[in-house]
Amino acid sequence: LAAPSPGRWFDYAPADEAVLARARTMQRICAEAGVPLRAVAMAFPLRFEPVATVVVGMAGPGEVTENLALMELEIPDDLWAELGVE
């Protein structure tokens, strides 16, 4: 849900409006912090010690370059707190 819009999927089913609303709120909070939601989504699992890697699907070479750049972004601790995922 890094791009929350109708028709997106969550947990193997179409996302309901409550899930989309939460994702849009997270997107707004991230935008206010100057951090793309996609960067936060990719970095989130790596906050947990047992997680060693994150596999991100990509449709072409441009997305590889873009995702590598997003993974280099530093996510401020206060942004994690504001998102409720300290």
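Select Phe44 to begin: this residue is partly exposed, with a relative accessible area of 32%. Here buried means under 20% relative accessible area, exposed over 50%, and partly exposed in between, with a 1.4 Å probe and protein chains only. The model is a predicted one, in which local features need pLDDT of at least 70 and side-chain atom pairs count only at pLDDT 80 or more, while totals for chains, interfaces and linings use all residues. Residues are numbered from 1 along each chain as its sequence is written, and side-chain values use heavy atoms, with hydrogens and water left out.

Keep Phe44 displayed and add Trp80. Their ring centres are 6.3 Å apart and their planes lie at 45 degrees, so the pair is tilted. Rings of Phe, Tyr and Trp (its six-membered ring) pair if their centres lie within 6.5 Å; planes under 30 degrees apart count as stacked, over 60 as edge-to-face and the rest as tilted. This pair links distant parts of the chain, 36 residues apart: Phe44 is in the loop between helix H2 (37-43) and H3, and Trp80 is in helix H4 (residues 77-83). Helices (H or I, at least four residues) are DSSP runs, numbered from the N terminus. Trp80 counts as buried, at 4% relative accessibility.

Next, add Phe48, which counts as partly exposed at 42% relative accessibility. By the ring rule, the count comes to 2 aromatic pairs. The rings of Phe44 and Phe48 have centres 5.2 Å apart and planes at 75 degrees, so this pair is edge-to-face. Ring pairs thus join Phe44, Phe48 and Trp80 in a cluster.

Now move to Asn67 in helix H3. Is Asn67 buried or exposed? Asn67 counts as buried, at 5% relative accessibility. Apart from neighbours within four places in sequence, the contacts of Asn67 are Arg38, Met42, Val56, Gly57 and Met58. Contact means heavy atoms within 4.5 Å.

Stay on H3, which spans residues 61-72, and select Val64. Val64 is partly exposed, with a relative accessible area of 36%. Adding Met58 and Leu68 to Val64 displays a nonpolar surface patch of about 270 Å². Patches are made of residues with over 30% relative accessible area and no salt bridge (a side-chain nitrogen of Lys or Arg within 4 Å of a carboxyl oxygen of Asp or Glu). Like charges are joined within 9 Å, and nonpolar side chains (Val, Leu, Ile, Met, Phe, Trp, Tyr) within 5 Å. Accessible areas come from the Shrake-Rupley method with a 1.4 Å probe; for residues, only the protein chains shown count as cover.

Finally, select helix H1 (residues 17-33). Its buried residues include Leu20, Ala23, Ile29 and Cys30, and their cover includes H2 and H4.

Notes
Helix = DSSP H or I, 4+ residues; strand = E, 2+ residues; numbered from the N terminus.
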